[in-house]
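Please take a moment to look over the sequence and the 3D structure before reading on. The paragraphs below go through the ligand, the pocket and the aromatic rings in turn.

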Amino acid sequence: MKNISIIVAIASNNAIGKDNDLLWHISKDLKRFKQITKDHYVVMGKRTYYSLPVQPLPNRTNMIITDVPDEEIDNCLMAYSIEEAIDKMDSSKENFIIGGGSIYKQFMPHANKLYITRVHKDYEADTFFPEISLDYWELIYEQHIDNDPQNDFTYTFEIYNKK
Ligand SMILES: NC(=O)c1ccc[n+]([C@@H]2O[C@H](COP(=O)([O-])OP(=O)(O)OC[C@H]3O[C@@H](n4cnc5c(N)ncnc54)[C@H](OP(=O)(O)O)[C@@H]3O)[C@@H](O)[C@H]2O)c1
């Protein structure tokens, strides 16, 4: 059984992206993302891969999911289905699903931990994260950030375990 975690930043209206880009810039969140995922596998859809400012993400094993048969991307592992991605994951460590919308949805049933950044603001968007039901997920960590001078909104770092 693979150890699968989802890491994502979500607006109050569940928005996560628009025009294949993020909706905000939160340096503290990027720092947290780097710390948590460093030296691990990061698994993503092809649209998210091409939205990254640096490709592939350094100091991590990047795995890209695509439907295009035999497509290869330099210095990345490829998977052509969700099942193949799970099969190729690291058995000894946490594996991080880093987006985007379609990939998060498909991995929700397979994940056992969620690292959520709740951005306390609504955004117009074309990509959304599914509802996190407390019937299935237990909040185990919460840190409110309400004094970040770089952002005009507050946000909360949360961690959930699958019940
Ligand atoms: N807020 C956050 O934390 C966060 C994090 C990451 C991304 N995002 C945002 O999310 C948005 C991108 O999400 P998205 O849903 O448009 O794209 P995506 O999930 O990143 O990638 C979609 C692509 O993944 C491949 N794919 C998906 N499911 C597959 C399957 N079952 N088998 C094989 N290939 C599969 C397909 O690639 P092919 O077309 O090559 O077949 C598909 O076009 C952007 O706006 C991005 O900024 C937000």
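Which residues come nearest to the ligand? In this model, which is a predicted one, there are 28 residues around the ligand, and those that come nearest are Lys46, Thr48, Thr66, Asp67 and Ser102. Some of the contacts can be followed atom by atom, beginning with Thr48, where an N or O atom of the side chain is 2.6 Å from an oxygen atom of the ligand. The backbone also takes part, for a backbone N or O atom of Ala9 lies 2.9 Å from a nitrogen atom of the ligand, while a polar backbone atom of Ile103 is 3.5 Å from an oxygen atom of the ligand.

We can turn next to the empty space in the protein. Rolling a probe the size of a water molecule over the atoms shows where such space is left. The largest pocket found in this model has a volume of about 1000 Å³, and 40 residues line this pocket, with Leu22, Thr48, Ser51, Leu52 and Ile98 lying nearest its centre. Thr48 is thus named both among the residues that come nearest to the ligand and among those nearest the centre of the largest pocket.

Which parts of the chain supply at least two residues each to the lining of the largest pocket? They are strand S1 (3-11), strand S2 (15-17), helix H1 (27-37), helix H2 (46-51) and helix H4 (101-107), and H1 gives the most, with five residues. When the residues of this lining are divided by their chemical character, 18 are nonpolar, 13 are polar and nine are charged.

The last topic is the aromatic rings, of which the structure holds six pairs. A pair of aromatic rings is described by the distance of the centres and the angle of the planes. For Tyr104 and Phe129, the ring centres are 5.2 Å apart and the planes stand at 65°, so this pair is edge-to-face. The pair links distant parts of the chain, since Tyr104 is in helix H4 and Phe129 is in the loop between strand S8 (127-128) and strand S9 (137-145), 25 residues apart. Are these two residues buried or exposed? Both Tyr104 and Phe129 are buried.

Another edge-to-face pair is formed by Tyr155 and Phe157, with 5.7 Å from centre to centre and 65° between the planes, and both Tyr155 and Phe157 are buried. These two residues, together with Phe153, form one aromatic cluster.

Methods:
Residues are numbered from 1 along each chain as its sequence is written. This is a predicted model: local features need pLDDT of at least 70, side-chain atom pairs count only at pLDDT 80 or more; totals for chains, interfaces and linings use all residues. Side-chain values use heavy atoms; hydrogens and water are left out. On a 1 Å grid over the protein atoms alone, a cavity is a set of points where a 1.4 Å probe fits but cannot get out, and a pocket is an open set with protein on both sides within 12 Å along at least five of seven lines; lining residues have an atom within 4 Å of a point. Grid points are joined across faces, edges and corners, and a volume is the space filled by probe spheres set on the points. Helices (H or I, at least four residues) and strands (E, at least two) are DSSP runs, numbered from the N terminus. Ala, Val, Leu, Ile, Met, Phe, Trp, Tyr, Cys and Pro count as nonpolar, Asp, Glu, Lys and Arg as charged, and the others, Gly among them, as polar. Rings of Phe, Tyr and Trp (its six-membered ring) pair if their centres lie within 6.5 Å; planes under 30 degrees apart count as stacked, over 60 as edge-to-face and the rest as tilted. Buried means under 20% relative accessible area, exposed over 50%, partly exposed in between (1.4 Å probe, protein chains only). A residue is near a molecule or strand if one of its heavy atoms lies within 4 Å of it. A polar contact is a pair of N or O atoms within 3.5 Å; within protein, one must be able to donate a hydrogen and the other to accept it, and residues adjacent in sequence count only if both atoms are side-chain atoms.
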